[in-house]
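Subject: The structure you're picking up

Hi,

Here's the structure I said I'd pass along. Have a look at it first, and then read on for what turned up.

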Amino acid sequence: MKVCIPVEENKGMESVPYGHFGSAPEFVICDLDSKEIKSINNGDLGHEHGKCQPLKALKGQEVDAIIVGGIGAGAITKLNAMGTKVYRGVKDTIEYNLSLLKNNQLQELSVNDACSHNHGDGGCGHDHGHNINL
């Protein structure tokens with residue numbers, strides 16, 4: 001299983017999931033079977049609001065799951081169509097988040113859980129930096 005975690009800075013397993021998929025500077029991809037860890041820059045960082053292209057962002061990397069603080073409905077829909085599940089991460093290390101994932105303790109996100117970016121109604125429940133509200 002390959003898991004992608006958007007991060008602000010690659011610190012390996014000590015990295016913390018970023019607050020929003022589309023604006024993350026880079027992604028750490030962990031292969032849970034081979035234990036390989038690699039990082040790629042966000043290939044879609046400059047996308048127009050609401051037009052995130054996850055496959056472009058991931059530079060064609062196929063992943064089974066994403067762990068992130070927040071994400072838009074369009075990105076969730078596109079990722080799910082690719083067979084990728086999206087989970088809400090906790091404000092802790094990638095290592096801890098992966099242990100929660102393995103034990104089915106992370107919330108799988110649907111389009112109903114997505115960030116609407118309608119900040120006039122109090123925001124989307126997360127910020128666009130590295131802080132994740134729990």
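Let's start with the cysteines. Searching the whole structure turns up zero disulfides. Cys-4 is in no disulfide, and the nearest cysteine sulfur to it, that of Cys-30, is 8.8 Å away. A disulfide needs the two sulfur atoms within 2.5 Å. Cys-30 is likewise in no disulfide. Both residues are tucked away from the surface: Cys-4 is buried, with a relative accessible area of 0%, and Cys-30 counts as buried because its relative accessibility is 3%, where the cut-off for buried is under 20%.

Before you go further, keep in mind that this is a predicted model.

Now the overall layout. The chain has three helices and six strands, and along the sequence they come in the pattern β-β-β-α-β-α-β-α-β. Of its 134 residues, 43% count as buried. If you take the contacts in the chain with a separation of 6 or more, 50% of them are between residues 24 or more positions apart.

The sheet is a good place to get your bearings. Its six strands form an open sheet with mixed pairing, in the order β3-β2-β1-β4-β5-β6. That puts β3 and β6 at the edges, each pairing on one side only. Strand β1 (residues 2-7) pairs with β2 in the antiparallel sense, over six bridges, and Ile-5 stands opposite Val-28 in β2. The helix α3 packs on the sheet, where it touches β1, β2, β4 and β5, and its direction makes about 140° with that of β1.

On its other pairing, β2 is joined to β3 (residues 37-41) by five bridges, and these two strands also run antiparallel. Glu-26 has Asn-41 in β3 as its bridge partner. Together β2 and β3 form a hairpin with five residues between them, and in the turn Lys-35 has a positive phi of about 70°.

Which residues touch the most other members of the largest nonpolar core? They are Cys-4, Phe-21, Phe-27, Leu-58, Ile-66, Ile-71 and Val-86, out of 19 residues in that core. So one of the cysteines from the start of this email, Cys-4, is buried and belongs to this group. Three elements give two or more residues to the core: β2 (26-31), β4 (65-68) and α2 (73-81). The biggest contribution is that of α2, with three residues. As background, nonpolar side chains in soluble globular proteins tend to be buried together.

Val-86 is worth a click. Leaving out residues up to four places away in sequence, Val-86 touches Ile-66, Val-68, Ile-71, Ile-76, Leu-79, Asn-80, Gln-107, Glu-108 and Leu-109. Apart from the largest core there is another one, of 15 residues, and its members include Val-7, Leu-32, Ala-65 and Tyr-87.

Next, the helix α2. Which of its residues are buried? Ala-75, Ile-76 and Leu-79 are. Looking down the axis of α2, these buried residues fall within an arc of 100°, so they line one face of the helix. What they pack against is α1 (54-57), β4 and β5 (85-88). Just after α2, Gly-83 takes a positive phi of about 90°.

The loop between α2 and β5 also holds Thr-84. Is Thr-84 buried or exposed? Thr-84 counts as buried because its relative accessibility is 1%. Setting aside residues up to four places away in sequence, Thr-84 touches Val-63, Asp-64, Ala-65, Ile-66 and Leu-79. Leu-79 is one of the buried residues of α2.

One last stop is Leu-106, in the loop between α3 (94-102) and β6 (107-108). Leu-106 counts as buried, at 10% relative accessibility. Its C-alpha atom is separated by 6.1 Å from that of Tyr-87, although the two residues are 19 apart along the chain. With residues up to four places away in sequence not counted, Leu-106 touches Ile-67, Tyr-87, Arg-88, Gly-89, Val-90, Asn-97, Leu-100 and Leu-101.

That's the tour. It's all yours now.

Cheers

Terms used:
Residues are numbered from 1 along each chain as its sequence is written. This is a predicted model: local features need pLDDT of at least 70, side-chain atom pairs count only at pLDDT 80 or more; totals for chains, interfaces and linings use all residues. Side-chain values use heavy atoms; hydrogens and water are left out. A nonpolar core is a set of buried Ala, Val, Leu, Ile, Met, Phe, Trp, Tyr and Cys residues joined through side-chain atoms within 4.5 Å. Buried means under 20% relative accessible area, exposed over 50%, partly exposed in between (1.4 Å probe, protein chains only). Helices (H or I, at least four residues) and strands (E, at least two) are DSSP runs, numbered from the N terminus. Contact means heavy atoms within 4.5 Å. The arc is that of the directions from the helix axis to the C-beta atoms. Two strands pair if DSSP finds at least two bridges between them. Axes are lines fitted to C-alpha atoms, for helices over the stretch in contact, and angles run from 0 to 180 degrees between N-to-C directions.
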